[in-house]
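Colleague: Please take a close look at one part of this model for me, the place where the ligands sit. Go through it step by step, since I am still learning to read such pictures.

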Amino acid sequence: MRLTLTRPDDWHLHLRDGAMLSIALAHSARQFARAIVMPNLKPPVTTVAEATAYRARILAALPKGLAFEPLMTLYLTDHTPPEEIRKAADSGFVKGVKLYPAGATTHSAAGLTRIENANPVFAAMESAGLPLLMHGEVTDPEVDIFDREKVFLDTCFAPLIQRFPGLKAVMEHATTRETVEFVRHHYRAGVAIAATLTAHHLRYNRNALFQGGLRPHRYCLPVMKRETHRLALLEAATSGHPAFFLGTDSAPHPQNAKEAASCCAGCYSAPHALELYAQIFESAGALDKLEAFASFNGADFYGLPRNREKITLLKKAQNVPDHYPVAGATLVPLCAGETLDWQMQPETGGT
Ligand code: NCD
Ligand code: ZN
């Protein structure tokens with residue numbers, strides 16, 4: 001069995017920097033033509049000047065023979081000046097601004113302490129047509145961790161849409177039925193909102209975190225939810241609805257930081273992301289919907305041209321390595337040691 005698709009894009013990716021960047025980029029660029037690159041470096045990428053320098057480091061780390069276009073983002077802080085938005089829109093390569101509520105996840109300490117602090121920035125983004133990409137979880141410790149996304153919808157996202165009805169906004173790595181319903185509802189009403197869906201949230205529910213013991217390599221934020229939520233995400237991904245598209249949220253951390261008393265949040269899915277999505281879509285009987293989800297909907301939302309090149313996936317078993325070496329440490333991928341049903345044809349990995 002073969003499946004030929006327009007080359008896909010990844011609309012939510014952590015590439016990191018230095019040695020980690022080299023390996024993460026090679027893994028992603030094997031499959032994806034473009035990716036929205038997250039700005040949560042240490043220190044974060046908050047200005048167009050920093051995004052320019054980071055983009056140059058990414059392009060310099062790209063293996064020869066692979067074509068890949070990094071689409072950059074700015075990290076929104078309490079102090080982001082609205083003027084930076086105009087510069088970002090004019091740059092031609094900054095394609096979004098990332099909102100992390102302060103303390104929500106890995107490297108989010110510099111995030112927004114109150115969403116309203118950025119109102120002038122949101123107004124500038126609305127008029128420039130620059131999308132807001134949201135880590136949609138509240139950080140109030142009183143709110144149960146499994147409810148943080150839903151509470152964000154009600155207390156942050158809904159009021160934001162009221163204040164800025166023309167703002168393009170993406171709920172990144174959606175994990176709940178409520179988010180799927182929220183996106184569908186507002187999309188129907190003409191609001192330009194969307195959600196990215198990861199392979200791990202489509203494949204696993206929260207039981208997977210505890211399968212045979214605590215499984216640190218499956219721990220990410222937002223944390224996996226109940227099976228009813230996973231089914232809602234799967235239905236959205238395979239529905240062909242234009243507001244749902246591929247974003248891996250692949251987020252590498254060294255093995256010793258994952259297998260630790262306090263495990264970092266992030267799943268490293270980049271090496272086999274597309275093959276994983278293919279397996280998930282096949283098990284839902286929806287392989288015919290994979291191309292819209294992986295290759296069309298995101299580009300259309302961002303107002304970018306769809307890719308022209310094709311890639312081919314073969315139904316052929318392959319084993320996921322246990323780990324990858326990286327600068328004296330190791331990196332454990334999602335599904336390490338497991339067998340996947342699909343393989344991307346290697347000759348379609350380059351250009
Ligand atoms: C991400 C990371 O490690 O940078 N971690 C994660 O669990 N997804 C940050 C993020 O996207 O929340
Ligand atoms: Zn992320």
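Modeller: A polar contact is a pair of N or O atoms within 3.5 Å. Keep that cut-off in mind while reading what follows, and remember that this is a predicted model.

Begin with ligand 1. Taking the backbone of A265, one of its N or O atoms lies 3.1 Å from a nitrogen atom of ligand 1. On its own, ligand 1 exposes 320 Å², and the protein buries 100% of that. There are 15 residues around ligand 1, and the closest are R16, N40, T105, L221 and D249. Two of these can be followed to particular atoms. In R16, a polar side-chain atom is 2.8 Å from an oxygen atom of ligand 1. In T105, an N or O atom of the side chain is 2.7 Å from an oxygen atom of ligand 1.

Now take D249, which is listed among the closest residues to ligand 1. D249 is also a protein donor of the zinc ion (ligand 2), through OD. The other protein donors of the zinc ion are H12 and H14, each through NE2, and the distances to the zinc ion run from 2.0 to 2.1 Å. Both H12 and H14 are buried. Along the chain, the donors follow the spacing H-x1-H-x234-D. H12 and H14 thus have one residue between them, while 234 residues lie between H14 and D249.

What arrangement do the 4 donor atoms around the zinc ion have? Four donors count as tetrahedral if all angles lie between 85 and 135 degrees. Here the angles go from 92 to 145°, so the arrangement is irregular.

The next residue to look at is H253, which sits in the loop between β9 (244–246) and α9 (255–258). Is H253 buried or exposed? Buried means under 20% relative accessible area. The value for H253 is 9%, so H253 counts as buried.

H253 can be tied back to two residues already met at ligand 1. The side chains of H253 and R16 are joined by a polar contact of 3.2 Å. R16, in turn, has the polar side-chain atom 2.8 Å from an oxygen atom of ligand 1. The side chain of H253 also reaches the backbone oxygen of A265 at 2.7 Å, and A265 has a backbone N or O atom 3.1 Å from a nitrogen atom of ligand 1. Apart from neighbours within four places in sequence, H253 is in contact with R16, M20, T106, K258, C264, A265, G266 and L331.

For practice with the same burial rule, turn to other parts of the chain. Helix α10 (residues 273–283) is mostly covered, with 9 of its 11 residues buried. Among them are L274, Y277 and F281. After α10 comes G285, which has a positive phi near 65°. I161, in helix α5 (residues 148–163), is buried because its relative accessible area is 9%. T52, in helix α2 (residues 48–61), has a relative accessibility of 37%, so T52 counts as partly exposed.

To retrace the path in the model, start at ligand 1, go to D249, and move on to the zinc ion. Then return to R16 and cross to H253.

Definitions and conventions
Residues are numbered from 1 along each chain as its sequence is written. Chains are lettered from A and ligands numbered from 1 in the order in which they are written. This is a predicted model: local features need pLDDT of at least 70, side-chain atom pairs count only at pLDDT 80 or more; totals for chains, interfaces and linings use all residues. Side-chain values use heavy atoms; hydrogens and water are left out. Donors are N, O and S atoms within 2.8 Å of the metal (3.2 Å for Na, K and Ca); water is not among the atoms, so sites may look incomplete. Four donors count as tetrahedral if all angles lie between 85 and 135 degrees; four count as square planar and six as octahedral if opposite donors are over 155 degrees apart and all others between 65 and 115; anything else is irregular. Buried means under 20% relative accessible area, exposed over 50%, partly exposed in between (1.4 Å probe, protein chains only). Helices (H or I, at least four residues) and strands (E, at least two) are DSSP runs, numbered from the N terminus. A polar contact is a pair of N or O atoms within 3.5 Å; within protein, one must be able to donate a hydrogen and the other to accept it, and residues adjacent in sequence count only if both atoms are side-chain atoms. Contact means heavy atoms within 4.5 Å. A residue is near a molecule or strand if one of its heavy atoms lies within 4 Å of it. Accessible areas come from the Shrake-Rupley method with a 1.4 Å probe; for residues, only the protein chains shown count as cover.
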